[in-house]
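Let's take a walk through this protein, starting with the overall layout and ending with a few individual side chains. Keep the 3D view open and click along as we go.

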Amino acid sequence: GSQATEDRERGFEDEVKATCPDAVWLSTDKYAGATRDSAMREAGPLILQFGAQVDGIFAPNESSASGTADVLRSQGLNKKVLLMGFDASKPLLQSIQEGDIVGSILQDPYRMGYMSTWYCVRHLRGEDVSRGRREMSEGTGEYLVTKEDVGSAFTLGLYDPAAQAKRSTAELRGRPHPPAPSPGKRGGEKP
């Protein structure tokens with residue numbers, strides 16, 4: 001899988017091992033693949049074999065969450081086995097609305113685009129955007145979406161193209177950021 005997906009898996013595993021050291025793992029080495037169908041092929045045999053013994057499943061991307069939800073439905077285990085996903089699609093969010101998936105972590109791609117552009121412009125204007133920091137300190141937005149807020153305007157703005165098209169950078173400019181150099185002044189220029 002992708003590095004981001006593998007990092008999500010590792011973060012999940014580390015947290016479960018720390019908070020639930022007695023948890024029994026059915027698998028930590030199955031790759032669900034990049035499609036809903038490949039996720040169904042991987043999850044299907046495990047759920048068929050161990051379904052009654054499974055408490056929860058973490059699916060680190062949209063396709064694995066959707067495919068696993070399909071398998072749970074086909075085995076009558078939806079709403080019995082807790083499934084947590086990552087990312088969004090209309091079918092995945094519909095599964096959350098229906099209670100087949102407990103929730104999903106959504107990113108804010110609009111904010112990601114804004115932040116990358118904002119830092120790039122500041123850099124081009126001569127500002128040291130690192131300012132000596134050694135770790136990432138600026139979040140780009142990630143949110144837990146559950147049945148309670150899956151239909152909210154905020155949630156729609158995280159994944160729906162029509163809702164994203166209505167967003168404005170004005171909502172992001174109000175966030176506390178260090179002041180950017182004033183337009184017209186580049187690094188090295190004197191006021």
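What you have here is a predicted model, and its protein contains 8 helices and 4 strands. Read from the N terminus, the order of the elements is α-α-β-α-β-α-β-α-β-α-α-α. So much for the parts list; now for how they pack. The protein has 191 residues, and 34% of them count as buried. Take the contacts between residues at least 6 apart in sequence: 65% of those join residues at least 24 apart. On the outside, about 11,700 Å² is exposed, with carbon and sulfur atoms supplying 55% of that area.

Let's look at the strands next. S1 covers residues 56-58 and S2 covers residues 82-86, and the two pair in the parallel sense over 3 bridges. If you want a spot to zoom in on, try Ile57, which stands opposite Leu83 in S2. Between these strands the chain passes through a helix: S1, H3 and S2 together make a right-handed β-α-β unit. Moving on, S2 and S3 also run parallel, joined by 3 bridges. Here the pair to find is Phe86 and its bridge partner in S3, Ile105. The route from S2 to S3 goes through H4, and this β-α-β crossover is right-handed.

Now for the inside. Which residues have the most contacts within the largest nonpolar core? That core has 19 residues, and the best-connected ones are Ile47, Leu72, Leu83, Leu92, Leu93, Ile96 and Ile101. You'll recognise Leu83 as the residue across from Ile57. Three helices, H2 (36-50), H3 (62-74) and H4 (90-97), each supply at least two residues of this core. H3 gives the most, with 4 residues. Apart from this core lies another one of 6 residues, and Tyr114, Met115, Trp118 and Leu172 are among them.

Leu93 is a good residue to click on. Leaving aside residues up to four places away in sequence, Leu93 touches Ala88, Leu106, Val145, Val150 and Tyr159. You can also use Leu93 as a landmark for finding Gly151: the two are 58 residues apart along the chain, yet their C-alpha atoms are separated by 8.5 Å. Where does Gly151 sit? Look in the loop between strand S4 (142-146) and helix H6 (153-159). Is Gly151 buried or exposed? With a relative accessible area of 58%, Gly151 is exposed, because the cut-off for that label is over 50%. Still, Gly151 touches Gln97 and Leu156, again not counting residues up to four places away in sequence.

Time for the charged side chains. A search of the whole structure turns up 8 salt bridges. One of them, in helix H1, links Arg10 to Asp7, with the closest N and O atoms 2.7 Å apart. Why is that pairing easy to follow along the helix? The two residues are 3 apart in H1 (residues 3-19), so about one helical turn separates Arg10 from Asp7. Both ends are partly exposed: Arg10 has 44% relative accessibility, and Asp7 has 33%.

A second salt bridge joins the side chains of Arg73 and Asp100, at 2.7 Å from N to O. This pair links distant parts of the chain, with Arg73 in helix H3 and Asp100, 27 residues apart from it, in the loop between H4 and strand S3 (103-107). How accessible are the two ends? Arg73 counts as partly exposed at 30% relative accessibility, whereas Asp100 counts as buried at 3%. Neither one stands alone, since salt bridges that share partners join Arg36, Asp70, Arg73, Lys79 and Asp100 into one network.

One more pair before you go exploring. The side chains of Glu127 and Arg122 meet in a salt bridge at 2.4 Å, N to O. Are these two residues buried or exposed? Glu127 is buried, and Arg122 is buried too.

Technical notes
Residues are numbered from 1 along each chain as its sequence is written. This is a predicted model: local features need pLDDT of at least 70, side-chain atom pairs count only at pLDDT 80 or more; totals for chains, interfaces and linings use all residues. Side-chain values use heavy atoms; hydrogens and water are left out. Buried means under 20% relative accessible area, exposed over 50%, partly exposed in between (1.4 Å probe, protein chains only). Contact means heavy atoms within 4.5 Å. Accessible areas come from the Shrake-Rupley method with a 1.4 Å probe; for residues, only the protein chains shown count as cover. A nonpolar core is a set of buried Ala, Val, Leu, Ile, Met, Phe, Trp, Tyr and Cys residues joined through side-chain atoms within 4.5 Å. A salt bridge is a side-chain nitrogen of Lys or Arg within 4 Å of a carboxyl oxygen of Asp or Glu. Two strands pair if DSSP finds at least two bridges between them. A crossover is right-handed if, with the strands pointing away from the viewer, the path from the first strand over the helix to the second runs clockwise.
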